[in-house]
Amino acid sequence: MKLMKLSHMFALAALCLFAGTASAHTGEHTASGFASGLAHPLQGLDHLLAMIAVGLWAAQQGGRALWAVPATFVGATLLGGGLAGLGWGLPQVETAIALSVLVLGLLIATRRQRGTTAGMLLAAGFALFHGYAHGLEMPQAASPVGYALGFVLATLCLHGMGIAGSLIGRRATQLAGAGIAVSVLALILSV
């Protein structure tokens, strides 16, 4: 029974990731913005790993953190995107993004428990930089609202994949966290 529920959750998460490909009104300003926003978190390994890691870590924390940490991440992502849209600058964006993936991977691998508020603050700090990068990379012709809706949906689906992935067990989740941390170190060292 649990295996069946897990497979349904993974199937639903996978379908969420491809929802933008069924756009019937290609070329429309909002639709192209939505599709661009939906695709953006999936195009960079650092963003992809961070979004999944937030879900894994929130699931490890349990309780209120299960929904509060991902929700905070999404809200702060929108704030960061808004800052980019307004032309504000954030220092060391790529460094902060890489650091966020490394820290989240290590938190998962070591099963570090934080209070919900501390987890939300950490997620918000990291998400601000991820959102800023999303905002900077928005195509000029895209609708900002459509783009934001797209990257929020992709982010939520990736968080959901992390939460669903945590159901494979404590050891496997810790190994996933270690893999996330090692992956980002490999990305950093390859530059």
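## Helix pairs and a pocket

H3 passes H6 in a left-handed crossing. That is a good place to start a walk through this predicted model. Two packed helices are described by the angle between their axes and the distance between the axes. For H3 and helix H6, which covers residues 116–136, the angle is about 160 degrees and the axes lie 12 Å apart. Angles over 145 degrees count as roughly antiparallel, and H3 and H6 are therefore roughly antiparallel to each other. If you would like to find where they touch, look on the H3 side for Asp 46, His 47, Ala 50, Met 51 and Trp 57. On the H6 side, the partners are Gly 119, Leu 122, His 130, Ala 133 and His 134. Sorted by class, this contact of H3 with H6 holds five nonpolar residues, four polar ones and one charged.

Stay with H3 for a moment, and turn to its meeting with H7. The axes of helix H3 (residues 45–61) and H7 come within 7 Å and cross at roughly 50 degrees. Because of that angle, H3 is oblique to H7. The crossing of these two helices, H3 and H7, is right-handed. H3 brings Leu 48, Met 51, Ile 52, Val 54, Gly 55, Leu 56 and Ala 59 to the meeting, while H7 supplies Thr 155, Leu 158, His 159, Gly 162, Ile 163 and Gly 165. Eight of the residues in the contact of H3 with H7 are nonpolar, five are polar and none is charged.

Now move along to another pair, H5 and H8. Helix H5 spans residues 93–110 and helix H8 spans residues 170–190; they pack at an angle of about 155 degrees, with axes 7 Å apart. H5 and H8 are therefore roughly antiparallel to each other, and H5 passes H8 in a left-handed crossing. From H5, the contact is made by Ala 98, Val 101, Leu 102, Gly 105, Leu 106, Ile 108 and Ala 109. From H8, look for Thr 173, Gln 174, Gly 177, Ala 178, Ile 180, Ala 181, Val 184, Leu 185 and Ile 188. The contact of H5 with H8 has 12 nonpolar residues, four polar and no charged ones.

Last comes the largest pocket, with a volume of about 160 Å³. Its lining consists of Leu 78, Gly 81, Gly 82, Gly 85, Gly 135, Met 138, Pro 144, Tyr 147, Ala 148 and Phe 151. Helix H4 (65–85) and helix H7 (144–165) are the elements that give two or more residues to this lining. By class, the pocket lining has six nonpolar residues, four polar and no charged.

Definitions and conventions: Residues are numbered from 1 along each chain as its sequence is written. This is a predicted model: local features need pLDDT of at least 70, side-chain atom pairs count only at pLDDT 80 or more; totals for chains, interfaces and linings use all residues. Side-chain values use heavy atoms; hydrogens and water are left out. Axes are lines fitted to C-alpha atoms, for helices over the stretch in contact, and angles run from 0 to 180 degrees between N-to-C directions. Helices (H or I, at least four residues) and strands (E, at least two) are DSSP runs, numbered from the N terminus. Angles under 35 degrees count as roughly parallel, over 145 as roughly antiparallel, 65 to 115 as roughly perpendicular and the rest as oblique. A crossing is left-handed if the near helix is turned anticlockwise from the far one by less than a right angle, and right-handed if clockwise. Contact means heavy atoms within 4.5 Å. Ala, Val, Leu, Ile, Met, Phe, Trp, Tyr, Cys and Pro count as nonpolar, Asp, Glu, Lys and Arg as charged, and the others, Gly among them, as polar. On a 1 Å grid over the protein atoms alone, a cavity is a set of points where a 1.4 Å probe fits but cannot get out, and a pocket is an open set with protein on both sides within 12 Å along at least five of seven lines; lining residues have an atom within 4 Å of a point. Grid points are joined across faces, edges and corners, and a volume is the space filled by probe spheres set on the points.
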